[in-house]
Amino acid sequence: MPVTPTTTLKTVDVEEERLRRLNALGQFLDNAIRIPGVGYRVGYDAVIGLIPGVGDLIGFALSIYIVLAATRYRLPVSTLLRMVLNVGLEALIGMVPLLGDLFDAAYKANVRNLDLLRAHLAARGRGLARPSDARFYAGLFVAVAGLLALAGLLIFSLVRALQALLGP
């Protein structure tokens, strides 16, 4: 005689569970702590960043984990680049003592990256075509061109200063 279970087993979609965990990590890193009286939320990423030397490195590693986990969802390259730029900007400015920690608490790169992931999954779920990445690539081109121009100007200025110091 077959035995019938008293409770039904829930089937858990692996992708949904993975996305739930990524969302939980993002909230932990960027929105876990509510500041009383202000209503603003900060995450443990900003708190960890206060540890001299290794705090920013730990926060960077956790943020990169979210980006690497998002690659499983076959995101467009431009979306992955946006995510890497979010993490890179937060890590770069985060290295500046105190100002970087304030920026880290306000910028919330992990929540931004998870918003990008959710937007992609929603568009894919509706069968919509991938949004145009032309504006992103144009902005990236302008930013890189600006950085190259700034680097060129800096090198030119250094050469001129060295020539003035060393004489003709």
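Which residues line the largest pocket? In this predicted model, the lining is made up of V14, E17, R18, R21, L22, L25, Y65, L68, A69 and R72. The volume of this pocket comes to about 170 Å³. Two elements, α1 and α3, each give two or more residues to the lining, and α1 has the largest share, with six residues. As for chemistry, the pocket lining splits into six nonpolar residues and four charged ones, with no polar residues at all.

Stepping back to the overall fold, the chain is built from seven helices and two strands. Going along the sequence, these elements run in the order α-β-β-α-α-α-α-α-α. Of the 168 residues in the chain, 29% are buried.

Back in α1, two of the pocket-lining residues, E17 and R21, also turn up in the salt bridges. The model has three salt bridges in total. One of them pairs R21 with E17, at an N to O distance of 3.3 Å. These two residues sit four apart in helix α1, or about one turn of the helix. R21 itself is exposed, because its relative accessible area of 55% is over the 50% cut-off.

E17 has a second partner in R20, and here the closest N and O atoms are 2.6 Å apart. Why can R20 and E17 be described as about one helical turn apart? The two are three residues apart in helix α1, which spans residues 14–31, so about one helical turn separates them. R20 counts as partly exposed because its relative accessibility is 47%, a value between the 20% and 50% limits.

The remaining pair is found in helix α6, which covers residues 109–125. There, the side chains of D115 and R118 form a salt bridge with 2.6 Å from N to O. Again the spacing is three residues, about one turn of the helix. D115, at 40% relative accessibility, is partly exposed, and R118, at 33%, is partly exposed too. Back in α1, the bridges that share partners tie E17, R20 and R21 into one network. As a general point, side chains of opposite charge can pair when their charged atoms come close.

The model also has enclosed space. How many cavities of 30 Å³ or more does it contain? The count is one, and about 90 Å³ of space lies in the largest cavity. Its lining consists of D45, G55, D56, G59, F60, V87, E90, A91, G94 and D104. Helices α3 (55–70) and α4 (77–94) are the elements that give two or more residues to this lining. Sorted by type, the cavity lining has three nonpolar, three polar and four charged residues. Helix α3 therefore appears in both settings, since it gives two or more residues to the lining of the largest cavity and also to that of the largest pocket.

On the outside, there is a nonpolar surface patch of about 450 Å². L147, L150, L153 and F156 make up this patch. One of these residues, L153, is placed in helix α7, which runs over residues 134–166.

Finally, two loop residues deserve a mention for their backbone angles. L98 has a phi near 65°, a positive value in a residue other than glycine. This leucine lies in the loop between α4 and α5, the latter covering residues 99–107. K108 also has a positive phi, near 55°, and is likewise a residue other than glycine. Its place is the loop between α5 and α6. Is each of these two loop residues buried or exposed? L98 counts as exposed because its relative accessibility is 61%, over the 50% limit. K108, in contrast, counts as buried because its relative accessibility is 12%, under the 20% limit.

Key. Residues numbered from 1 in each chain as written. Predicted model: local features only at pLDDT ≥ 70, side-chain atom pairs only at ≥ 80, totals over all residues. Heavy atoms only, no water. Salt bridge = Lys/Arg side-chain N within 4 Å of Asp/Glu carboxyl O. Buried < 20%, exposed > 50% of the residue type's maximum accessible area, 1.4 Å probe, protein only. Patch = residues over 30% accessible without salt bridge, like charges linked within 9 Å, V, L, I, M, F, W, Y side chains within 5 Å. Areas by Shrake-Rupley, 256 points an atom, 1.4 Å probe, with all protein chains shown as cover. 1 Å grid on protein atoms, 1.4 Å probe; cavity = no way out; pocket = protein on both sides within 12 Å on 5 of 7 lines; lining within 4 Å. Points joined across faces, edges and corners; volume = space filled by probe spheres on them. Nonpolar A, V, L, I, M, F, W, Y, C, P; charged D, E, K, R; others polar.
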